[in-house]
Amino acid sequence: QVQLVESGGGLVQAGGSLRLSCAASAYIFGLNAMGWYRQAPGKQRELVAGITDGGSTNYADSVRGRFTISRDNAKGTVYLQMNSLKNEDTAVYYCNAESRSSKGTVYVYWGQGTQVTVSS
């Protein structure tokens, strides 16, 4: 079973930067959109940024201009560069990927999550 493995989380001071990476454990046939979600304590999981296989991106209003999502289609990896981090960015960040089989079945994959903590 294919897994998404995240790395790059940690503790950083406000105003600092972190780069998250997410790689699939094996080749995913028909890989389409990839993205990053986050969930803060007591809150629902929310979309942070997404990127299509063609490179089109979308961002949550709260991170636009500070975060940048990118991907390497050959490697099946997705990245999230986070700059100018704020306390409110503290959350568990989850990698997400969607694929579509030749028959049109959609599969959704999730990573295990990586903690990002921003301190004052």
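A salt bridge is a side-chain nitrogen of Lys or Arg within 4 Å of a carboxyl oxygen of Asp or Glu. With that in hand, let us walk through this structure, which is a predicted model.

We can start with R38 and D89, whose side chains meet in a salt bridge with an N to O distance of 2.9 Å. The two partners come from distant parts of the chain, 51 residues apart: R38 sits in strand 4 (residues 31-39), and D89 sits in the loop between strand 8 and strand 9. Both R38 and D89 are buried. For R38, the relative accessibility is 6%, so it falls on the buried side of the line, because buried means under 20% relative accessible area.

R38 has another partner to look at. It also forms a salt bridge with E46, where the closest N and O atoms are 2.7 Å apart. Is E46 buried, exposed or partly exposed? E46 counts as partly exposed because its relative accessibility is 35%, and the partly exposed class lies between under 20% for buried and over 50% for exposed. The bridge between R38 and E46 therefore joins a buried residue to a partly exposed one.

How many salt bridges does a search of the whole structure find? The search finds four. One of them brings together the side chains of R64 and D61, at 2.6 Å from N to O. Here R64 is partly exposed, with a relative accessible area of 48%, while D61 counts as exposed at 65%. Elsewhere, salt bridges that share partners join R38, E46, R66 and D89 into one network. You have already met R38 with D89 and R38 with E46, so try finding R66 in the structure as a member of that network.

Next, follow the chain into the loop between strand 4 and strand 5 (46-51), where P41 is found. P41 is exposed, because its relative accessible area is 75% and exposed means over 50%. P41 and V92 are 51 residues apart in sequence, and their C-alpha atoms are 8.6 Å apart in space.

A similar exercise works with Q115, which lies in strand 11 (residues 114-119). Which distance separates Q115 and G9 in space, C-alpha to C-alpha? It is 5.4 Å, although Q115 and G9 are 106 residues apart in sequence. Q115 is partly exposed, with a relative accessible area of 40%. Now try V2 and L80: these are 78 residues apart in sequence and 21 Å apart in space, C-alpha to C-alpha. V2 is found in the segment before strand 1 (4-7), and at 22% relative accessibility it counts as partly exposed.

Let us turn to the surface. V106, V108 and W110 make a nonpolar surface patch of about 260 Å². W110 is placed in strand 10, which covers residues 106-110. Its relative accessibility is 37%, so W110 counts as partly exposed.

There is also a pocket to explore. The largest pocket has a volume of about 150 Å³. Its lining is made by A24, A26, Y27, I28, L31, D53, R71, N73, A74, K75 and G76. What kinds of residues make up this lining? They divide into six nonpolar, two polar and three charged residues. As you trace the lining on the structure, you will meet side chains including Y27, D53 and R71.

Our last stop concerns the backbone. Most residues other than glycine have a negative phi. S84 has a phi near 50°, a positive value in a residue other than glycine. You can find S84 in the loop between strand 8 (77-82) and strand 9 (91-100), the loop that also holds D89. S84 is partly exposed, because its relative accessible area is 41%. From S84 you can move along this loop to D89 and back to its salt bridge with R38, where our walk began.

Conventions. Residues are numbered from 1 along each chain as its sequence is written. This is a predicted model: local features need pLDDT of at least 70, side-chain atom pairs count only at pLDDT 80 or more; totals for chains, interfaces and linings use all residues. Side-chain values use heavy atoms; hydrogens and water are left out. Patches are made of residues with over 30% relative accessible area and no salt bridge: like charges are joined within 9 Å, nonpolar side chains (Val, Leu, Ile, Met, Phe, Trp, Tyr) within 5 Å. Accessible areas come from the Shrake-Rupley method with a 1.4 Å probe; for residues, only the protein chains shown count as cover. Helices (H or I, at least four residues) and strands (E, at least two) are DSSP runs, numbered from the N terminus. Buried means under 20% relative accessible area, exposed over 50%, partly exposed in between (1.4 Å probe, protein chains only). On a 1 Å grid over the protein atoms alone, a cavity is a set of points where a 1.4 Å probe fits but cannot get out, and a pocket is an open set with protein on both sides within 12 Å along at least five of seven lines; lining residues have an atom within 4 Å of a point. Grid points are joined across faces, edges and corners, and a volume is the space filled by probe spheres set on the points. Ala, Val, Leu, Ile, Met, Phe, Trp, Tyr, Cys and Pro count as nonpolar, Asp, Glu, Lys and Arg as charged, and the others, Gly among them, as polar.
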